[in-house]
Amino acid sequence: KPESTWNNSAAIKITRNKLSVDLSLYHNVLNNFINLVPSGQNSLTIRGAFPSYVYIQQNATFKGIDAEIDYLLSPSWTISGQYNMVRAKDRRSGNFIAQIPADNFRLGNEYKIPLKKANGTLTFALRLNYVARQTRYPKEQVLALENGLTATISDFAPPPADYLLVEPQISLEYPVAGRTLTFSIGATNLLNKHYRNYLNRFRYFTDETGTSVQFRLSIPFAL
C-alpha cells in the first residue's frame, strides 16, 4: 500500500543578547509506514547464518523535540547544548516502533583566539555526545500474513547500553592569497569507549569504531 503522511510542526527561535534558543516540535501521522525490522530469525547462506530483516507496514505516529541553546560567555567563548527526542508508536497496537533513535544530548564548548599578526583564528573545541539506551522498542510484533495466519517477530538482542563520546578539535583559519585556508585536527571517541549503536545492524556482531583521529585541510575555490 502507498505510504501517506500528515506532518505538523512548530518552531520558535529566541535571541536575547548573549543567549540563543532554538526549539522545534513536530507531530507526524503516517499511514502504511514502511519499516525494515529484525525478523528474529536467521537466514542460512553458504557463508553461514545471518540475521534477516522484513519489511512491514504500520499506521504510526511520530512526535518529538529538537532543541538547541547557545550562550556567549565572551566574544571568544561559546557554550552550547542540544537535545533530540523522538517517540513513535503503532496506532493500532499501541506498541512502540522498532529502529527509532534513542534520546541524544550534546554539549559543546568552543574558544577562539585571534591571531592578530597572522590575521587568522585559532579555535579550540570540545564536544560531549551522550546517547541514552533505547527503552521504547517493541518486545514482539505480530504480523498478519496473506493466508490469514499471523507470525510473531522480535529483535535478535535488546538495545545496547547508553554511552558518552568525547570529541575534541583544534582548527586554524589562515588567509593565503585572498583565500581563507582551514586546517583542523580532531578526534572522535577520544576515550576509546566500547559501545554499540542501536541503529547499526552490525551491533549484533561488533562494537563501533574506537578512537579515530582526523586531519582536514579546507581550501575554498570557485569554478
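1. Start with the β2–β3 pair: 22 bridges hold these two strands together, running antiparallel. L25 has I65 of β3 as its bridge partner, and the hairpin that connects β2 to β3 does it through two residues. Keep in mind while browsing that this is a predicted model.

2. Moving one strand along, β3 and β4 are also antiparallel, with 14 bridges between them. Here too there is a hairpin, with two residues between the strands. If you want a spot to click on, S74 sits opposite W77 in β4.

3. Now zoom out to the whole sheet. How many strands form it, and in what order? Nine of them make an open sheet, reading β1-β2-β3-β4-β5-β6-β9-β10-β11, with antiparallel pairing. The edges belong to β1 (4-16) and β11 (212-218); each has a single partner strand, so one side of each has no neighbour in the sheet. From one strand to the next, the twist averages 20°. As background, strands in a sheet pair through backbone hydrogen bonds, in either a parallel or an antiparallel sense.

4. In the middle of that order, β5 and β6 share twelve bridges and run antiparallel. G108 is bridged to R127 in β6, and both residues come back in the pocket point below. The β5–β6 hairpin has four residues between its strands, and in it N119 takes a positive phi near 60°.

5. On to β6 and β9 (residues 163-176), which are antiparallel and joined by eleven bridges. A125 faces Q169 of β9 across this pairing. Further along, β10 (residues 179-188) and β11 are antiparallel as well, with seven bridges, and I185 stands opposite F215 in β11.

6. A couple of backbone angles are worth a look. Most residues other than glycine have a negative phi. N32 goes the other way, with a positive phi near 60°. This asparagine lies in strand β2 (residues 19-45), and its relative accessibility of 17% is under the 20% cut-off, so N32 counts as buried. N192 is another non-glycine with a positive phi, about 55°. N192 belongs to the loop between β10 and β11 and is partly exposed, at 42% relative accessible area.

7. While we're on asparagines, is N129 buried or exposed? N129 has 15% relative accessibility and therefore counts as buried. N129 is part of strand β6, and its side chain makes a polar contact of 2.8 Å with the side chain of N104.

8. The second largest pocket holds about 200 Å³ of space. Sixteen residues line it, and those closest to the centre are S80, Q82, L107, G108 and R127. Which elements give two or more residues to this lining? They are β3 (48-74), β4 (77-90), β5 (104-115) and β6 (120-131). The largest share, five residues, comes from β5. By class, the lining of this pocket splits into three nonpolar, seven polar and six charged residues.

9. There are also enclosed spaces: two cavities of 30 Å³ or more turn up. The largest cavity has about 70 Å³ of space. Its lining is made up of P38, A98, Y137, P138, K139, E140, Q141, I153, S154, D155 and Y198. Sorted by class, that gives six nonpolar, two polar and three charged residues.

10. The second largest cavity comes in at about 30 Å³. Around this cavity you'll find V86, R87, A88, F96, I97, I100, Q134 and R136. The class split for its lining is five nonpolar, one polar and two charged.

How values were computed: Residues numbered from 1 in each chain as written. Predicted model: local features only at pLDDT ≥ 70, side-chain atom pairs only at ≥ 80, totals over all residues. Heavy atoms only, no water. Pairing = 2+ DSSP bridges. Axes fitted to C-alpha atoms, helices over the stretch in contact; angles between N-to-C directions. 1 Å grid on protein atoms, 1.4 Å probe; cavity = no way out; pocket = protein on both sides within 12 Å on 5 of 7 lines; lining within 4 Å. Points joined across faces, edges and corners; volume = space filled by probe spheres on them. Nonpolar A, V, L, I, M, F, W, Y, C, P; charged D, E, K, R; others polar. Buried < 20%, exposed > 50% of the residue type's maximum accessible area, 1.4 Å probe, protein only. Polar contact = N/O pair within 3.5 Å; in protein donor to acceptor, adjacent residues only side chain to side chain.
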